[in-house]
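Me: I've got a structure on my screen and I'd like to learn how to read it. Can we go through it together, bit by bit?

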Amino acid sequence: MIDKIIKAYNEAVFETDKEAAFAVVYAAMAEGLSAEDIVFKVVIPAIEEMMANITRDPDANLAQHFMTAQIAAEVTEKMLEKFQQPPEMIGRVVIGTAAGDLHSLGKRIVMGCLKALMVDVVDLGVNVPPERFVDEALAREAQIIAVSAMMVHTATGENGARRVRQILRERGLEDRFRLVVGGAPYRFDNELYQSVGADGWAADGLSAGKMIVDMIRGMKREAV
Ligand code: B12
């Protein structure tokens, strides 16, 4: 039964048909599949398959990429309400696009993947001043500050991740938060994240989600 559901869900996602994806999910629940199985056996593998397709085919359709994450986030949010035991959220991320940068699609894909991986996400939007990343991370008790930047000057400039790192240092908050970055400039130069003072980077939404989950788990282990 599960194979049939996975196939139908993947087809709906491939067609970027959110309604069809939800119809598959609700039909599967009517047949007895649990909300937990839908998230962990259907939704997350679908993101993995889409990312694998994109890696194989650099011309893969952006709409499919985007909608896979969007549908994953929405299905996960609905399923969380139906989990038998309230799921333990792994941690919290504040995410935004660097000051001066209005590109939002990559960030939204990362958010979709994080939600499907049980990470709470606070979306600060686009064009976010560096001080706000830090203030919100403190106010929301996040573990991770995530800065998306699609342009070279917003990735490397003085008002992006570099400044966030400086503020963390000035306020003595470096032990409290990890800083992660992503976006096209980091894909072209895999060492760039270090020169802007970040603790990590990832090339796509799913790797971003997994890196952040590992980082939060590491922080929790260190705190024990
Ligand atoms: C779509 C797009 C736009 C759209 C944005 C719509 C939107 N709402 O996002 C619009 C039309 C608004 C736009 C505007 C501009 N754009 Co534009 N845009 C693009 C384009 C074609 C695609 C970007 C995109 O969405 N990629 C798809 C997503 C899925 O990929 P991604 O963002 O890299 O995200 C993935 C990973 O990087 C990672 N990731 C992303 N964020 C994060 C964060 C973290 C923490 C982690 C871990 C991972 C991670 O996971 C994501 C999901 O897998 C790129 C070209 C390109 N091929 O990259 C140019 C591009 C980025 N734009 C560019 C430019 C110059 C501009 C403009 C200045 C154009 C102009 N003259 O007005 C303006 C800038 C406006 C501004 N101030 O921001 C240049 C930047 C050049 C440079 N070297 O700096 C590019 C590279 C085009 C080019 N070749 O010249 N743009």
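Me: Which residue in β4 does Ile 144 stand opposite?
Reply: When strands pair, you can look across from a residue on one strand to its partner on the next. This is a predicted model, and in it Ile 144 faces Arg 178 of β4. The two strands, β3 and β4, pair in the parallel sense, with five bridges between them.

Me: Where does β3 sit, buried or exposed?
Reply: For burial, check each residue against the cut-off: buried means under 20% relative accessible area. In β3 (144-148), five of its five residues are buried. Both faces are covered, with Ile 144, Ala 146 and Ser 148 on one side and Ile 145 and Val 147 on the other.

Me: How many bridges join β3 to β1?
Reply: Counting bridges is how you follow a pairing along two strands. β1 and β3 are joined by five bridges and run parallel. To find your place, look for Gly 96, which stands opposite Val 147 in β3.

Me: What about β1 and β2, and how does the chain get from one to the other?
Reply: Start with the pairing, then trace the path. β1 (91-97) and β2 (residues 119-123) pair in the parallel sense over five bridges, and Val 94 stands opposite Val 122 in β2. The chain goes from β1 through α5 to β2, a right-handed β-α-β crossover.

Me: Now the ligand. Which protein atom is a donor to its cobalt atom?
Reply: With a metal, you look for the protein atoms that reach it. Here the only protein donor of the cobalt atom is NE2 of His 103, at 2.3 Å. His 103 is found in the loop between β1 and α5.

Me: Which polar contacts does the ligand have?
Reply: Look for N or O atoms on both sides, and check whether the protein atom belongs to the backbone or a side chain. A nitrogen atom of the ligand is 2.8 Å from an N or O atom in the Ser 148 side chain. For the backbone, ligand oxygen atoms are 2.9 Å from a polar atom of Gly 205 and 3.3 Å from one of Leu 105.

Me: And what is the shell around the ligand made of?
Reply: Sort the residues by class, then by where they come from. The shell has 17 nonpolar, nine polar and three charged residues. Its largest share, four residues, comes from α5. Elements that each supply at least two residues include β3, β4 and α11. Among the residues that come nearest are His 103 and Ser 148.

Notes
Residues are numbered from 1 along each chain as its sequence is written. This is a predicted model: local features need pLDDT of at least 70, side-chain atom pairs count only at pLDDT 80 or more; totals for chains, interfaces and linings use all residues. Side-chain values use heavy atoms; hydrogens and water are left out. A residue is near a molecule or strand if one of its heavy atoms lies within 4 Å of it. A polar contact is a pair of N or O atoms within 3.5 Å; within protein, one must be able to donate a hydrogen and the other to accept it, and residues adjacent in sequence count only if both atoms are side-chain atoms. Ala, Val, Leu, Ile, Met, Phe, Trp, Tyr, Cys and Pro count as nonpolar, Asp, Glu, Lys and Arg as charged, and the others, Gly among them, as polar. Donors are N, O and S atoms within 2.8 Å of the metal (3.2 Å for Na, K and Ca); water is not among the atoms, so sites may look incomplete. Two strands pair if DSSP finds at least two bridges between them. A crossover is right-handed if, with the strands pointing away from the viewer, the path from the first strand over the helix to the second runs clockwise. Buried means under 20% relative accessible area, exposed over 50%, partly exposed in between (1.4 Å probe, protein chains only).
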